[in-house]
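Work through the exercises below with the model open. Try each task before reading its solution.

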Amino acid sequence: MDAQFSVAIVGGTGNLGSALALRLGAPGVKVIIGSRDAQKAQKVVENLKPKMRAGELAGTTNPEAVKQGEFVVIAVPYEGHQQMVQDLKGQLTGKIVIDAVVPLKKIRPFVPPAGSALQEAQQIIGDEAPVIGALHNISAVDLGEVDSPLGDVLVCGDNEQAKQKVMEIIRRIGARPFDGGPAGNAYVIEGLTGIIIHLNRKYKSKHGSIKITGVGD
Ligand SMILES: NC(=O)c1ccc[n+]([C@@H]2O[C@H](COP(=O)([O-])OP(=O)(O)OC[C@H]3O[C@@H](n4cnc5c(N)ncnc54)[C@H](OP(=O)(O)O)[C@@H]3O)[C@@H](O)[C@H]2O)c1
């Protein structure tokens, strides 16, 4: 993968997207924050810029961000997921979609009709672009503090080449990626976030994440 690449974050004004922008910026990645409101995106960029170590950061509408990104991270609440993916369809040729969305009702996880948010996106997008699931179990708080250690990241999807590229991005942000298998595994990975939310509440933390032991390094 090229040293320099660009990542558009749809819903990048939120907790996950903003924190991810800071992490991606540290190794010099170009990040485009997308929003339903270009002005809101620009405001978030102005707030983030003083905290950026390196990299390029821009803010614009979601469709414009997608045009500029080689990778497209979907970071909106599940309520907006289906519509957002439908809106993006037709603009994704040659790109890799990274879906971080967790289906939650209030704070409880559920399995959507497609089997998972990832499979919902893949069904809508079809062959236009691969959809890879990642970052579901990471703490946005830790992500935003670029020197904090991160939990491990399970990466899943049906396109092996795209999955390897996403795993490389995860390494660049300072986390350990693990191949979590095909898209059919996504509901488990997405659902785990429900447990992490429970743990955070139970143990009064904002740092819950997962650690894989016994495999890898
Ligand atoms: N926060 C975490 O720690 C974390 C960790 C792992 C995974 N996730 C998942 O990542 C996704 C984003 O999480 P978040 O905490 O960043 O969410 P968030 O802050 O609540 O929302 C992210 C952004 O999505 C946009 N948005 C909100 N409702 C929308 C809708 N109905 N349709 C389209 N866009 C909408 C908003 O941007 P504009 O108003 O600017 O358009 C908002 O700033 C969620 O699916 C979550 O489950 C979160």
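Four exercises follow, each with a worked solution.

This is a predicted model: local features need pLDDT of at least 70, side-chain atom pairs count only at pLDDT 80 or more, and totals for chains, interfaces and linings use all residues. Residues are numbered from 1 along each chain as its sequence is written, and side-chain values use heavy atoms, with hydrogens and water left out.

**Exercise 1. Describe the residues around the ligand.**

Step 1. Start with the shell. It has 20 residues, each near the ligand (one of its heavy atoms within 4 Å). Thr13, Leu16, Ser35, Lys40 and Val76 come nearest.

Step 2. Sort by class. Eleven residues are nonpolar, seven are polar and two are charged. Here Ala, Val, Leu, Ile, Met, Phe, Trp, Tyr, Cys and Pro count as nonpolar, Asp, Glu, Lys and Arg as charged, and the others, Gly among them, as polar.

**Exercise 2. Find polar contacts of the ligand, and state how much of the ligand is covered.**

Step 1. Fix the term. A polar contact is a pair of N or O atoms within 3.5 Å; within protein, one must be able to donate a hydrogen and the other to accept it, and residues adjacent in sequence count only if both atoms are side-chain atoms.

Step 2. Check side chains. An N or O atom in the side chain of serine 35 is 2.5 Å from a ligand oxygen. For lysine 40, a polar side-chain atom lies 2.6 Å from an oxygen of the ligand.

Step 3. Check the backbone. A backbone N or O atom of valine 102 is 3.4 Å from a ligand oxygen.

Step 4. Turn to cover. On its own the ligand has 880 Å² of accessible area, and the protein covers 77% of it. Such areas come from the Shrake-Rupley method with a 1.4 Å probe; for residues, only the protein chains shown count as cover.

**Exercise 3. Is aspartate 152 buried or exposed? Find its partner too.**

Step 1. Locate it. Aspartate 152 lies in the loop between helix H6 (140-144) and strand E9 (153-155). Helices (H or I, at least four residues) and strands (E, at least two) are DSSP runs, numbered from the N terminus.

Step 2. Judge it. Aspartate 152 counts as buried because its relative accessibility is 1%. Buried means under 20% relative accessible area, exposed over 50%, partly exposed in between (1.4 Å probe, protein chains only).

Step 3. Find the partner. The aspartate 152 side chain reaches the backbone nitrogen of isoleucine 212 at 2.7 Å.

**Exercise 4. Place alanine 21 and lysine 202.**

Step 1. Alanine 21 is in helix H1 (residues 15-25). At 0% relative accessibility, alanine 21 is buried.

Step 2. Lysine 202 belongs to helix H8 (residues 186-202). With 57% relative accessibility, lysine 202 is exposed.
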